[in-house]
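Work through these exercises with the model open. Each one sets a task and then solves it in steps.

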Amino acid sequence: MVLSTIVVTSALKGAIGLVGTGLWLVPLLIAGLSYYHYDQLDPESRPIDRYPLDAEYDFVVIGGGSAGAVVASRLSEIMHWKVLLLEAGPDENEITDVPSLAAYLQLTKLDWKYKTEPNGRSCLAMKGGRCNWPRGKVLGGSSVLNYMLYVRGNRHDYDHWEALGNPGWGYDQALYYFKKSEDNRNPYLRNSPYHGTGGYLTVQESPWRTPLVVAFVQAGTEIGYENRDINGEYQTGFMIAQGTIRRGTRCSTAKAFLRPVRLRKNLHTAMKAHVTRILINSVTMKATGVEFVRDGHRQQVRARKEVILSAGAINSAQILMLSGIGPREHLQEMGIPVLKDLRVGDNMQDHVGMGGLTFLVDKPVAIVQDRFQAAPMTMHYVANGRGPMTTLGGVEGYAFVNTKYANATGTYPDIQFHMAPASINSDAGVQVRKVLGITDEVYNTVYRPIANKDAWTIMPLLLRPRSRGTVRLRSSNPYQSPKIDANYFDDPHDIATLVEGAKIAMQVSEAKVFKQFGSRVHRIKLPGCKHLEFASDDYWECHIRHISMTIYHPVGTAKMGPAYDPEAVVDPRLRVYGVEGLRVIDASIMPTISSGNTNAPVIMIAEKGSDLIKNDWAAVENAL
């Protein structure tokens with residue numbers, strides 16, 4: 001996040017709403033990308049925004065994001081099925097293609113701009129005690145806003161899902177679908193049995209990196225961890241990040257799965273189509289279609305076979321509840337007729353971590369705003385697809401480590417590190433603190449004294465939180481943002497684990513390999529933690545509660561589980577309990593959060609969910 005914003009303010013200062021000079025760089029970037037890259041990178045051109053729509057389709061997919069784009073693409077492979085994809089946002093643009101600009105897409109029209117409710121235990125250094133929760137409101141969804149990190153999670157995650165009563169969701173089957181999507185272009189992984197080539201989704205490393213990430217990986221080996229493919233046989237270890245990029249540009253699910261099939265006659269895509277509810281026959285309890293608003297007009301479309309909800313963990317829960325599917329008491333309170341009493345909006349989990357841990361260095365090896373020359377860097381990227389603008393939103397390396405609370409075998413790490421060659425100070429307060437929502441007091445006290453100095457960061461993240469949050473409606477108005485209670489640190493084990501993660505991060509930073517840069521921790525205390533001894537367990541806990549960094553991985557709000565699970569919303573074939581012709585296929589269905597960035601697992605879920613639909617309907621059609 002940090003590096004992303006710094007590169008923006010360096011390369012495109014004055015652009016996209018920033019005050020200052022340099023507005024000419026935006027059309028230069030757009031024109032250059034179009035001229036240099038059109039045939040190379042975008043031979044399929046953009047999906048067609050369909051007007052008018054048909055009155056009826058076999059399948060209506062709600063949400064064209066990380067999951068929905070995959071589902072629509074895969075279902076339209078059956079040529080006699082008519083598929084409609086509804087997306088509330090617009091198409092991607094040339095700016096979203098640039099990997100380094102990821103954080104700058106937040107708080108724009110491409111973002112739902114959600115915030116968490118204050119709970120007094122977390123996000124204390126953020127304005128109003130609320131964390132920003134960006135969600136993609138664009139074709140490609142959050143795969144257009146994210147940092148492109150390709151992390152599958154741990155094999156134990158999926159075996160646990162299966163053990164909870166979800167047959168077919170174990171690691172071996174999950175691996176099949178990960179490989180099905182993947183076109184891995186890292187030469188050293190080409191022959192790995194854990195990776196695929198030739199799929200729609202391109203995975204590779206950024207072609208540009210700082211020496212700090214090389215040191216980070218070496219530091220990991222110095223303290224006893226291996227430099228390994230964390231998407232391979234074992235997850236524990238350190239690695240230079242892999243991401244969903246293609247020749248220096250973002251590879252969203254829209255680019256990967258929709259553009260190549262844009263000319264299929266049986267696939268229609270409707271953008272800026274805001275779904276307000278699912279149409280359900282209250283007598284037969286069958287989903288019959290979808291109501292949505294497009295161009296200011298309320299419209300309905302019918303689904304002959306199924307409605308598939310792929311709007312993400314926040315919006316899928318909201319749409320289900322608006323449609324009368326959810327907790328009975330809550331729906332009655334909102335004045336919504338209850339069609340099916342299910343635990344929609346419960347079981348919400350997210351990866352929360354510690355932001356703002358800053359290490360200063362004496363050599364010019366980090367990303368500092370004032371060091372970049374905007375025009376040459378932009379033109380190098382436009383012409384060659386290389387340079388700092390190809391970085392994965394700022395994260396250059398990641399690692400998976402074991403605290404004292406992890407399992408004895410060491411094969412199920414409980415902390416993830418994101419490493420970036422910059423920190424909150426690196427853009428002199430121009431944009432980073434706005435994206436994070438950091439208060440002026442915290443920024444001015446801790447980070448302004450080191451503005452524009454070379455620095456790097458490690459962000460420890462809690463992989464499997466025990467705390468559970470909720471999503472609830474504020475009202476029956478489909479245009480009002482839902483109430484998000486992340487409930488961070490409700491379980492004391494979560495904060496205790498993160499404190500141990502902070503201590504391991506310090507251990508990494510103190511490795512011999514970092515001595516060459518004169519690396520040392522920035523020791524100015526947070527205002528709310530001044531009374532505590534710096535680097536003590538109590539201080540780290542206070543720091544974590546203040547700069548509670550989410551990397552926006554909400555899952556679990558329409559839990560997958562067997563019929564005997566009282567919390568389950570969908571069955572192991574992703575069908576909503578008690579409602580015929582309705583499935584949920586996205587991050588909502590995760591019973592427990594995957595151990596790592598969630599975009600790759602969501603794509604896997606969409607791949608598998610698409611096959612479940614194909615298999616179910618093949619059996620029906622063959623019987624006719």
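**Exercise 1. A charged pair across the chain**

R294 has a relative accessible area of 2%, so this arginine counts as buried. The model is a predicted one. Find the acidic partner of R294, give the N to O distance, and place both residues in the chain.

Solution.
- Step 1. Search for a carboxyl oxygen within 4 Å of a side-chain nitrogen of the arginine. R294 forms a salt bridge with D49, with the closest N and O atoms 2.6 Å apart.
- Step 2. Place the two ends. R294 sits in strand β12, and D49 sits in the loop between α2 and β1. They are 245 residues apart, so the pair links distant parts of the chain.
- Step 3. Check the partner's exposure. D49 has a relative accessible area of 31%, which makes this aspartate partly exposed.

**Exercise 2. Two further salt bridges**

Characterise the salt bridge of R304 with E56, then that of D565 with K559. For each residue, decide: buried or partly exposed?

Solution.
- Step 1. In the pair of R304 and E56, the closest N and O atoms are 2.8 Å apart.
- Step 2. R304 belongs to strand β13 and E56 to strand β1, 248 residues apart.
- Step 3. R304 is partly exposed at 38% relative accessibility. E56 is partly exposed too, at 34%.
- Step 4. D565 and K559 meet at 2.9 Å, N to O. Buried means under 20% relative accessible area. D565 is buried at 16%, and K559 is buried at 12%.
- Step 5. Widen the view. Salt bridges with shared partners join R74, E77, K180, E607, D611 and K614 into one network. The structure holds 39 salt bridges.

**Exercise 3. A buried acid without a salt bridge**

D229 is buried. Which side chain of opposite charge is nearest to D229, and which side chain makes a polar contact with this residue?

Solution.
- Step 1. Locate the residue. D229 is in the loop between α6 (211-222) and β7 (237-240).
- Step 2. Test for a salt bridge. The nearest side chain of opposite charge is R152, at 6.4 Å. The cut-off is 4 Å. D229 has no salt bridge.
- Step 3. Look for a polar contact. The side chains of D229 and Q242 are joined by one of 3.3 Å.
- Step 4. List the surroundings. Beyond four places in sequence, D229 is in contact with L189, H195, Y234, M239 and Q242.

**Exercise 4. Disulfides**

How many disulfides are there, and in what pattern are the bonded cysteines paired?

Solution.
- Step 1. Apply a sulfur to sulfur cut-off of 2.5 Å. The count is two.
- Step 2. C123 and C131 are linked, with sulfur atoms 2.2 Å apart. This link is left-handed, at -100° about the S-S bond. C123 is buried at 1% relative accessibility, and C131 is buried at 2%.
- Step 3. C529 and C542 are linked at 2.0 Å. Their S-S torsion is about -90°, so this disulfide is also left-handed.
- Step 4. C529 lies in the loop between β23 (520-521) and α14 (537-546), while C542 lies in helix α14, so the bond ties together parts 13 residues apart in sequence. C529 is buried at 0%, and C542 is buried at 10%.
- Step 5. Counting bonded cysteines along the chain, the pattern is 1-2, 3-4.

**Exercise 5. Backbone exceptions**

Most residues other than glycine have a negative phi, and most peptide bonds are trans. Examine P52, M285 and D295 against that background.

Solution.
- Step 1. The peptide bond from Y51 to P52 is cis, with omega near -20°. P52 is in the loop between α2 (25-41) and β1 (56-62).
- Step 2. M285 has a positive phi, near 55°. This methionine lies in the loop between β11 (273-281) and β12 (286-294), and is buried at 16%.
- Step 3. D295 also has a phi near 55°. Its loop runs between β12 and β13 (297-309).

**Exercise 6. The nonpolar core**

Which residues touch the most other members of the largest nonpolar core, and which helix gives the most to this core?

Solution.
- Step 1. The core has 178 residues, and F216, I278, F417 and F514 touch the most other members.
- Step 2. Helix α15 (residues 599-623) gives the most, with nine residues.
- Step 3. Inspect one hub. Among the residues that F216 touches beyond four places in sequence are F238, Y398, F417, I458 and F514.
- Step 4. Look for a separate core. A second one has eleven residues, including V98, L101, L110 and V144.

How values were computed: Residues numbered from 1 in each chain as written. Predicted model: local features only at pLDDT ≥ 70, side-chain atom pairs only at ≥ 80, totals over all residues. Heavy atoms only, no water. Core = buried A, V, L, I, M, F, W, Y, C linked by side-chain atoms within 4.5 Å. Buried < 20%, exposed > 50% of the residue type's maximum accessible area, 1.4 Å probe, protein only. Helix = DSSP H or I, 4+ residues; strand = E, 2+ residues; numbered from the N terminus. Contact = heavy atoms within 4.5 Å. Lys, Arg positive; Asp, Glu negative; His and termini not counted. Polar contact = N/O pair within 3.5 Å; in protein donor to acceptor, adjacent residues only side chain to side chain.
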